[in-house]
Amino acid sequence: MDPNQAYRFIYDNLPHGVVLLDREGAVLTLNRAALAVLACALQAPTGVGHNLLPGLAQPHRDALRDLIHRVFNGDTGALQFELGAPGGPGRWLELHAAPMRDAGGRLLALLGVVQDVTEARCTVEALRTSEELHRLLAENSNDLITLREIDGTPIYGSPSFARLMGRPPAESMEMLLERFHPEDQAMGRRAWEEVVRGTPRYTTFRYQHLDGRWHWLEAWGTLVHYGGRPCVLSVSRDITRRKQAEDLLRESQKMEAIGTLAGGIAHDFNNVLAGILGNVSLALEDLDPAHPASARLQQIEKSGLRGRKLVQQILAFARRQPKRLVQTALGPLARDAVDMLRTTLPSSVQLALVLHPQPVHAVVDPTQVAQVVMNLVTNAWQALPDRTGRIEVGIEPMLLNAADAQRLGCHASERHAHLWVRDDGMGMDEATRARIFEPFFTTKVTGGGTGLGLSVTRGIVAEHGGCILVDSSPGAGSTFHVYLPACERPAAGEPTASRKAARGQGERILYVDDDDVIVMMVEAMLRRLGYRVCTCNDAQQALELVGSDPAAIDAVVTDFNMPGSSGLEVARALGRIRPGLPVVITSGHITAQLEREAALAGVPALLQKQDIAEELGPLLQRVLHPAAPG
């Protein structure tokens, strides 16, 4: 065979594209493989004479021109570039180039080996993109990701570990376990051993941050293969806030349970108080004021009234109530809260009340403002070293001009009520002061508090259009200042009608209650006020009595909480028997829900059970004679 023919045969059948280019980038010759590569890229037949440079976009054109220039200067090189038809998708080609010389050493052309690397580039790019994506996820995730040898030697640790825990992830497993809470270390070692044996494990544990605080983490560990060897992959998440929220939920459920219990106790205790106060009132009316027993009865009445107020305070704090804004004198409100707190604080704490001689009034929810006082005093007590020291609660009127209001962060200027709570405790540094009102932030030891007291306090103050701030420095104690918009002192109302003035005119009253002591007391009291009275101990008996002669009763007073039937059910049934019959419901704890349901049932009035002695007479007059003046 002619050698030239043999060379041509080999050249045309090489699996790689071979092309010769002149100094301008034009094709001098090419084999079949090169022809297929170029035709695929250009999406059109091509051949000798085709110039590659015009079909290239910048910067590929300049790069190929530079490669051609270097090769014709005797150098070699390689280049990847994108070639394609105008407006069409391009193909990536890889060109390895070297100078081609004749027998005399004269440079004739650029000899290039060309191949289509589009798919390879796509694979590499996809791999690079995938690696970049996983790197971004790992480095920016709040999850703590670690990969370790089965002996605990670290291979990889996500940056979030140092960011969230304040410690480098490149610690041995033994060092890592030493950061666990002492109570969790044995469990952590067992979990690691199980994962190394091939059992995936989920666990929660406490881990100590570099600043000394304990964080709750949940972790999932599993055995994987990396680099041809078994390794332990662990993904952990900081669940401290979730744990705090769960603790708060448990506290809330506990308070709800306490509220339910308190409601039941209050019903019975209010019956006791109503019986005591009612019978004392009757006894005082029977006795000459100069009688020696009169003073003792007055002391019993005073104690009963104090017990009644205490029960209502317990109920107000134990049960969730909607906000009710009323014009309130803040001094007595603060005094009641302080009196209640004195019974709970140790004798080593001196609790002082400083009230301005001028009464200070504001439109507030008394229960919520009392909660503000209690939260601030409790916070102050917990700040006292060894729980020993002095706490001062004060209220004064204050005029704030626009500059003062802006400086303090209040929404309005003019008259304010300034309430403060001062302690001589350990004080706070600037960093702590900056975070003191954040939810869940606490400087107390684990289990010492939820970190919500001051956050709730600020929310209550804000809802009342006020502002709160703190003055404190380490070792100098703290003073919390609360500013609430003040109002004018309410005008004195008409004198309340006395019990003797609120007399009946022989109207017929049915009283329904399952407590015999209350029934006997109310019956005696109403008869003394000029009413004709009949009583029942259960709801069914009352319904039968009214049903037998609906016109014989002018009004019904019924307890709300009775065995077998509630006062609301009695009111609804009486409304069907005799529409328009006035029904008064008494209860030891009147809630917003009870008020709504009573209004829907047509009940004209509700009465706190413990207020029967003072309020039932005037209330019956208003119910029986709604058009009467006053």
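Biologist: Is Arg390 buried, partly exposed or exposed?

Modeller: This is a predicted model, so the answer rests on computed values. Partly exposed covers the range between under 20% and over 50% relative accessible area. Arg390 has 30%, which means that Arg390 is partly exposed.

Biologist: Which residue does Arg390 form a salt bridge with?

Modeller: Side chains of opposite charge can pair when their charged atoms come close. Here Arg390 pairs with Glu392, and their closest N and O atoms are 3.1 Å apart. Glu392 is buried, at 13% relative accessible area.

Biologist: Which other salt bridge does Glu392 form, and how far apart are the closest N and O atoms?

Modeller: Glu392 also forms one with Arg422, at 2.6 Å. That pair links distant parts of the chain, with Arg422 in strand β15 and Glu392 in strand β14, 30 residues apart. Arg422 is partly exposed, at 34% relative accessibility.

Biologist: What parts does the salt bridge between Arg206 and Glu183 tie together?

Modeller: The closest N and O atoms of Arg206 and Glu183 are 3.0 Å apart. Arg206 lies in strand β8 and Glu183 in the loop between α6 and α7, so the bridge ties together parts 23 residues apart in sequence. Arg206 is buried at 16%, whereas Glu183 is exposed at 61%.

Biologist: How many salt bridges does the count come to?

Modeller: The count is 20.

Biologist: What span should helix α10 have, judged from its residues?

Modeller: A helix is expected to span 1.5 Å times one less than its number of residues. Helix α10 has 13 residues, so 18 Å is expected, and its end C-alpha atoms are 18 Å apart, which agrees. Its buried residues include Leu330, Leu333 and Ala337.

Key: Residues numbered from 1 in each chain as written. Predicted model: local features only at pLDDT ≥ 70, side-chain atom pairs only at ≥ 80, totals over all residues. Heavy atoms only, no water. Helix = DSSP H or I, 4+ residues; strand = E, 2+ residues; numbered from the N terminus. Buried < 20%, exposed > 50% of the residue type's maximum accessible area, 1.4 Å probe, protein only. Salt bridge = Lys/Arg side-chain N within 4 Å of Asp/Glu carboxyl O.
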